[in-house]
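Reader: I am in my first year and would like a close look at a single part of this structure. Please take one helix and explain how it sits among the rest.

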Amino acid sequence: MKNFVDMFTDFSRRKKIAMQLALDAFLLTVSFLGAMLLRLESFEFAMQPAIWAALLCSVLAAMSAFWGLGLYRVIVRFITGKILVIVGKGVLVAGISLYAAGLLFDAGLPRSVPIIFAVFACISIGGLRFAARTYFRAPNLANKRPVIIYGAGEAGLQLLNALFHGHEFAPVALDDDDLSLQNMSVGGLRVYSPNRI
């Protein structure tokens, strides 16, 4: 029987996007509940329909912003730090729309809740994508031959990215003559001096 990762990689692009949409909606809801609980220290707010209407507007606005900014067109294992800008813009839209919807529906949301909500949403949505990237990019050393890349500059980083996604070799370290790069981390791997190989 296939494990979940194999099943997930076999999904069509549409199914993967649908899964991301569902997870993001869930994380936005959990972020809102966490923000309200942190601020009010009780779940009494859950009985007010106006609060749920404000949350629904915020989630729809955030999902639309994520869609328009291209968050769902990015392949998870190839994401970079630039994805945090997209997530940040999307949760900014979510926080502003939560505040506006709270006023529109007279939900009585505390003013700090949209800010706390945006912070929680940014951490959870951005963090989920980086956790998934780390998991999918992790080399399967049992099936790959370990290699050391000479050169930690631009060409070395390009080779590192290519090998991460290949099926034959697993980069385990970088080697460079440049003293300023030695003992640094490039692409998640440590850079060593040639005399330490």
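Author: What follows is a look at helix α3, then at its surroundings.

The model is predicted, and confidence is a sensible place to begin. The chain averages a pLDDT of 87, with 91% of the residues scoring at least 70. Confidence is highest in α3, at a mean of 96, and lowest in helix α1 (residues 4–10), at 65. Where pLDDT is low, the predicted coordinates should not be read in detail.

Helix α3 covers residues 49–69, which makes 21 residues. At 1.5 Å a residue it should span 30 Å, and its end C-alpha atoms are indeed 30 Å apart, so the expected and computed lengths agree.

Next comes the question of which residues of α3 are buried. They are Ile51, Ala54, Leu55, Ser58, Val59, Ala62, Met63, Ala65 and Phe66. Seen down the helix axis, these buried residues fall within an arc of 165°, so they line one face of α3. The spacing along the sequence follows a general rule: an α-helix has 3.6 residues a turn, so residues three or four places apart point the same way. On the other side of α3, Pro49, Leu56, Leu60, Ser64 and Gly68 are exposed.

Ser58 deserves a separate look. Ser58 lies in α3 and is buried, because its relative accessible area of 0% is under the 20% cut-off. Its side chain reaches the backbone oxygen of Ala94 at 2.8 Å. Leaving aside neighbours within four places in sequence, Ser58 is in contact with Ala94, Ser97, Leu98 and Phe117.

Now to the nonpolar residues. The largest nonpolar core has 31 residues, and Leu28, Phe32, Phe66 and Leu109 have the most contacts inside it. The elements that give two or more residues to this core are α2 (13–40), α3, α4 (83–104) and α5 (113–137). Apart from this core lies another, of nine residues, including Ile149, Ala152, Leu160 and Val191.

Phe32 ties several of these names together. Not counting residues up to four places away in sequence, Phe32 touches Phe45, Ile51, Leu55, Leu98, Leu109, Val113 and Phe117. Phe32 is itself one of the buried residues of α2, among them also Ile17, Leu27, Leu28, Ala35 and Met36. Some polar or charged names appear among the buried residues of α2 as well, including Lys16, Gln20, Asp24 and Ser31. Helix α2 has 28 residues and reaches 40 Å from its first C-alpha to its last, close to the 40 Å expected at 1.5 Å a residue.

The backbone just past these helices is also worth a note. Most residues other than glycine have a negative phi. After α3 comes Gly70, whose phi is positive, near 90°. Just after α2, Glu41 takes a positive phi of about 60°. Asp106 has a positive phi of about 55° although it is not a glycine; Asp106 is found in the loop between α4 and α5. With a relative accessible area of 68%, Asp106 is exposed.

To return to the part requested: α3 has a buried face, exposed residues on its other side, and a share in the largest nonpolar core together with α2, α4 and α5.

Notes. Residues numbered from 1 in each chain as written. Predicted model: local features only at pLDDT ≥ 70, side-chain atom pairs only at ≥ 80, totals over all residues. Heavy atoms only, no water. Helix = DSSP H or I, 4+ residues; strand = E, 2+ residues; numbered from the N terminus. Expected span 1.5 Å × (residues − 1). Buried < 20%, exposed > 50% of the residue type's maximum accessible area, 1.4 Å probe, protein only. Arc of directions from axis to C-beta. Core = buried A, V, L, I, M, F, W, Y, C linked by side-chain atoms within 4.5 Å. Contact = heavy atoms within 4.5 Å. Polar contact = N/O pair within 3.5 Å; in protein donor to acceptor, adjacent residues only side chain to side chain. pLDDT = per-residue confidence, 0-100.
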